[in-house]
Amino acid sequence: MPRSTPDPSTRISRRAVLRGAGVAVALPWLESLPAFGDPTAPATFPKRFAVLFQGNGINENHWSAEGSGADMKLSKTLSPLEPLKHKINVIDGLFNKAATGHGIHPPQTGSLLSGAEIQKGAIIRSGVSVDQMIANTVGQDTALSSIVLACDQPMTGYHETNYSMAYSSHISWQTPDSPIPVEVYPSLAFDSLFENRGALRNISVLDRVKDRAETLSGKVSSDDKAKLDEYLTSVREVEKRIESMRKVKDKSDELAKQKNRPAFTMDRPQNGLPEDLRDHARLMCDIIAIAFQTDRTRVASLIISRDLSAMYYPFLEVSDGHHSASHNNLSDAYERISRFHVSQLAYLATKLDSMPEGDGTVLDNSCLMFLSELWIGRLHDNTRLPLVLAGGLGGTLETGRALNYYKAGDENRKMCSFYLSIMDRMGIKLDRFGDASTRLERL
Amino acid sequence: MDPSAPIPRRYFPHVLRFLPGFIALWALPSVEAATSPSIEQQFAQTVRPFVTQYCFACHSGATPTAQLDLKSYSNLDAVVRDYPRWAMVLEKLSAQEMPPKAMPQPSAADRQRVIDWIQAMRSIESHKNAGDPGPVLARRLSNAEYDYTIRDLTGVDIRPAREFPVDPANTSGFDNSGESLTMSPALLKKYLQAAREVGDHMVLTPDGIDFSPFPMLSETDRDKYPIQRIVNFYFSQPTDFADYFQAAWRYKYRAALGKPKATLATVAADSKVSPKYLPIVWQLIEEPAEKTKAEVGPIAKLQTMWRDLPPPGASQPDVVRAKCIEMRDFVVKIRKDTAMQFAAPVVEGLPAGSQPLLNWKLQQFASHRRDSDPNDLRNDTDPPPVVPEIPKYPGLHKEAAPRWAALTANGRAGDLDLVVPAAQRTLYEASFARFASIFPDTFYVTERGRYFPDDSEDKGRLLSAGFHSVMGFFRDDTPLRELILDEKGQKQLDRLWQEFDFIADFTARTFVQYFFNQSGEVLGKGAEAASPRPADHAVTDSQVILGLRDAYVALTSADPTNDPVAPQAIREHFDHVNETLRGLEKTRAEAEPKHLDALLKFAEHAYRRPLSQAEREDILAYYRTLREKTALSHEEAIRDSIVSILMSPDFCYRLDLDPRTALGKGAATSAKALAKPAGLRTTYAVTGHPLTGYELASRLSYFLWSSMPDQELLGHAAAGDLQRPDVLIAQARRMLKDPRVRGMATEFTGNWLDFRRFEQHNGVDRERFPNFTGDLREAMFQEPIRFVEDMLQNDRSVLDLLYGKYTFVNPVLAKHYGMPEVQGDPAAPAKNDTWVRVDDATRYQRGGLLPMAVFLTVNSPGLRTSPVKRGYWLVRRVLGQVIPPPPPVVPELPQDESKSDLPIRAMLAQHRANPMCAACHARFDVFGLAFEGYGPVGEARAQDLAGRPIDAKAVFPGGSEGDGLDGVLAYIRENRQNQFLDGLERKLLVYALSRSLLLSDEPLIERMQTRLAAKNNRFSSLVETIVTSPQFLNQRNPGPIEKPAPQTAALQRKVN
């Protein structure tokens, strides 16, 4: 990877921090062992889910897939996925009805992952997004419930549709009232993953509370002491669980070493924004990869470019900014932009596929979802969406297929139906999500 | 010495001698010492053989009847400790209900001897230790208390305890005692989440720490909070001209209106208008006659309208109001038609929406709101104006001013008030100018879209600058500051704007977004930048900002055809951004120590007492550790400090410290607070000591508010006079009138009468009872709370709970009860939070607690009524009678009333034919039968669900007959009223003391009874008797002097 080596002094100190802090554990506490670290663990591995987002649509003349398995024919934009084509699904023709008919851009992106009706004006309101629905459940078992990343700076002003630009700059929503702030700095994303700041902070609070309760215990009557002891016992109990978690982590690291299967490793990225988008996107993909491999989290979202992106692609020899270029989306230039985005999916998928897990790979236990909020940028057409999946989600998702729903009728081509189907496979059974109450057929 | 080590017992007397508050308050009277052994002997000689012979057959063994094992009481101590059950034995023996008729009966004399013994034992034992504070365990806040306390601590009602598991209740049904409130690791995790949740609401301001009504998780949240505060401030200002004209009219006719001494200031205050602006308006419309004569134009016209206002009396007030509105509309029209207009300076190569240029335009608008545009006037010699065509909305980045000019030209075309005599043009212009200086075209701007000031599109962009895509805010409220706000208001508004930037960091964020999106105007190609992407905070460095400024200035200066004002506009813009950011940096640095002060105050508030010096240092040290060792930012460190304060047992527990060890360095003040309160009796066997002022303040506030003490209460604690009975009673009275008393109305009443969980009640089949909506359920839940709240606040008779002929309803409940619709204000129509008192509730078969829908519903099993449950509820909860639990096997009644052959009355009669059942059911079924006139959701009814006519007649215990609610109430009034009062007194005392009652509380119960009767049954007499009782004011001496109560011992075993 073309990236300068960090200053050695920084690196040493960073490692020191990692040794001390990387073993800490977040709330809520993990009750079970991480499966990959324990030889006696059952042969089921955690399922992971990631979203990769490109803003402003694709070049529809170069976006298609036909056939299946090894015979699948991929168009030019999808060609970076060629080596992985037996592990992907190209899905055409799905759309999100709630995102149509309210004007262009922010209302097309604001409910992309939720199917919610969004609100104009100063008060922001959307819906909980599918990645966060998943994170709310599967995230209980990992250090972080999800990581929410972007290579593109967010905007919060107003678009001329009178929708907030916040809708264009975020795809992950934890509550309907506020989007999850995106992390654009790879270094900080890395820290949040491995320093476990949230957990460390809670541990620090608990330590302090324990001290205080112990001090107080000596200042109250014997009866009250019994009540305080109850409190202290609870605090100690929680600490004990953290301690056992620490041992689990050490043990799994040790096991990995014994099996001579060194985990994919990564140095802490340098502070600041990488100047080159290629470096930036790869670092973010690396972070997702290492997060999935080490089971720090099982849910990730990454905005490579946001809706209405102002990013430039000098390395693709495109002179217009992203959004301007999308208005001429049949251009070769825009095709190169889209292909660059798809190649990030290919990069991440390949990386995960190189990580053995059981009889398969981490990719086999994951679902990477690549999509954009538009099909045709020059028309702002979102009546169908570009969608590619990589990974078999632990054998629950057949791969190597090109599925087309475009002519299946609006009721049978809902993005939210697709989300329901994915959530089913992640163990989250909902009766409804967004505008859908049925699963996507044939998936 | 290790402060946590227990003090050796031999030191104890020594300590006692030196602490003035810690004296043995209660000496043991010698007479009781002599009597007790004889009672003890009697137990062995008389009572034990009696129960062995007549009671053990049923009441002993592995499964004693009614779970009463009389064999377990082997000595006097055991009886005393479990007195309530022996009170029941007494009751049964006296009523000759036990032993049952079928069993061998004792002689009357034997029976009487045991009755006498129980009574004697009760009397001796209760007086021996009368006033014993009892074992009040340290306890965590109950869930309800936690929520209320967070509300009063932060000022926002976050309710973080909604995720907590339901609190267990003690044997009296209350969830506020250490006997039942326990802690577990699972709950501790919830506490941590709750504390984090509260921490998420924290907002740092330049002066301290605030809490937002919603979590501040994202940048959009950080915008929303300060914006709402500013907009609310604007909307709360008096800016309607009509109100000023009307106020001026009131002043003019002050004598006729009966206020001859009124001044402009008093009228302004009465009329709720600005006392600063009213004289300005007054001076203009009510000039001396000679000046008035010379007036022309809009001033002359307005003065004529003013003089035409009719005097009071002759006409209705709404005529004056209507004319004042006409005057206002005239002013608004003139100002709309003569408002100044501006366009962004034209610069080749830059769009009109370019931030520096657009901001210049906004600035011009903001600074000319009190000017009149002379070009909008027409001479009477001019030809009629040509009405311009209105152009379409301009495209993105294009200037909207031409369209606005055309719109306004159309608007003013027919306005004859703008036509002036050509010869007097100057005079007229001056009138318009003066008019405008007093009447601004607007006082403030709350929204701005793309086509500002045309607001036909882009609604709801609060305080927005109107930039395209990039965020940005703009302040335009000079007229409000200058004309309406006094100095305090101005400071408040300035502060709100300063806090806006402090909280939302909007200038910096706007600049960053601008840099990444529009700096391309000068740095790169097109509208979007191709410049390298600066890292971290480098974007907002002075160097970058001023570099961009210079690039813009260079671009603008290059072309001589550009508007010459543009370079200045650009310099002002970037310099303003730079100065604002540098100023904010300074403000932030200066704010940090203030935040630490605020943190200490927060801790003090949260702990409900002052902090010791060591505690203050400890909190600050923790903050520093977080900054230095954990490398948290200032805000994160403050947030975590708050979380740690909320997790500290000092906050989430209520504990009264052991004075032996608690009196450390602060002993001087504590000793003062420990001084022996006046009026305490000194005849108690148990030693104890007074609570400190702060402990007493908490005890009082958690009793009356279920929440923390307020500043006034803490002030008395600090002054050391809270233990004075007059102060204490005055505080209790004040607190009963405070809205927070709803805490007691909810928690005490809800648990006493067993409806606290009704908000989650799912026992109603909503298909069969479709009117039972979530709103109705909530209204049912609220009714008794509103009733009791009213009783507390207005100090009504507690008998109103039974006999009150009134109740409180909201619209949905009124409908359910068939009462007339609840009327709201014309301005605010009645909603479900509008509650009104209904005085003639008896017309609708309501009034008082008993016929409230909540009790009738919660005691119905869905598709039928349950006279059993309703009667049991009334006898047990309202009348306080102890009923033993039913045997394990009980017959089932049909579930659906409409599908059974017999009326429920007849089925129950069969049930009572079984003597096993009758022993208890005879005592309560009848009360439920009297409520048959109310259906399963408490609706009044004449037929049951199968269409059979309702029979609500009942024969009450003792043989008297009655019909329906009136019959029940007449029976209670005649036979059971004292039982009701006694039950209420006991429950209230349990609730107040957070512990079960002891035999030694009996004299206090008697005192409550006497005082209540003497004070016309007013609720306050109960509260005042309780809060001045030794039980309430004191704490048992801790440690080895007292044997732990059995349940505590058990608990210790469990924990150890």
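Trainee: Over which residues at the start of chain B does pLDDT stay under 50?
Mentor: This is a predicted model, in which local features need pLDDT of at least 70, side-chain atom pairs count only at pLDDT 80 or more, and totals for chains, interfaces and linings use all residues. Residues are numbered from 1 along each chain as its sequence is written, with chains lettered from A and ligands numbered from 1 in the order in which they are written. pLDDT is the predictor's confidence in each residue, from 0 to 100. In chain B it stays under 50 over residues 1–34.

Trainee: How many contacts beyond four places in sequence does the model have for that stretch?
Mentor: Two residues are in contact if their C-beta atoms, placed from the backbone, lie within 7 Å. Where pLDDT is low, the predicted coordinates should not be read in detail. For residues 1–34 of chain B the count is 50.

Trainee: What pLDDT does chain B average?
Mentor: In chain B, 89% of the residues score at least 70. Residues 1039–1056 of chain B are below 50. The average for chain B is 86.

Trainee: Which helix gives the most to the side of chain B that touches chain A?
Mentor: Here 71 residues of chain B are in contact with 64 residues of chain A. Helices (H or I, at least four residues) are DSSP runs, numbered from the N terminus. Those that each supply at least two residues of this side include H7 (185–200), H8 (219–235) and H20 (506–518) of chain B. With five residues, the one that gives the most is H8(B).

Trainee: How many residues of that side of chain B are nonpolar?
Mentor: Ala, Val, Leu, Ile, Met, Phe, Trp, Tyr, Cys and Pro count as nonpolar, Asp, Glu, Lys and Arg as charged, and the others, Gly among them, as polar. The side of chain B that touches chain A has 21 polar and 15 charged residues. Its nonpolar residues number 35.

Trainee: At what angle do the axes of H32(B) and H33(B) cross?
Mentor: The helices are H32 (residues 742–752) and H33 (residues 774–793) of chain B. Axes are lines fitted to C-alpha atoms, for helices over the stretch in contact, and angles run from 0 to 180 degrees between N-to-C directions. The two axes come within 8 Å. They cross at roughly 125°.

Trainee: Which word describes H32(B) relative to H33(B)?
Mentor: Angles under 35 degrees count as roughly parallel, over 145 as roughly antiparallel, 65 to 115 as roughly perpendicular and the rest as oblique. The crossing is at roughly 125°, which makes H32(B) oblique.
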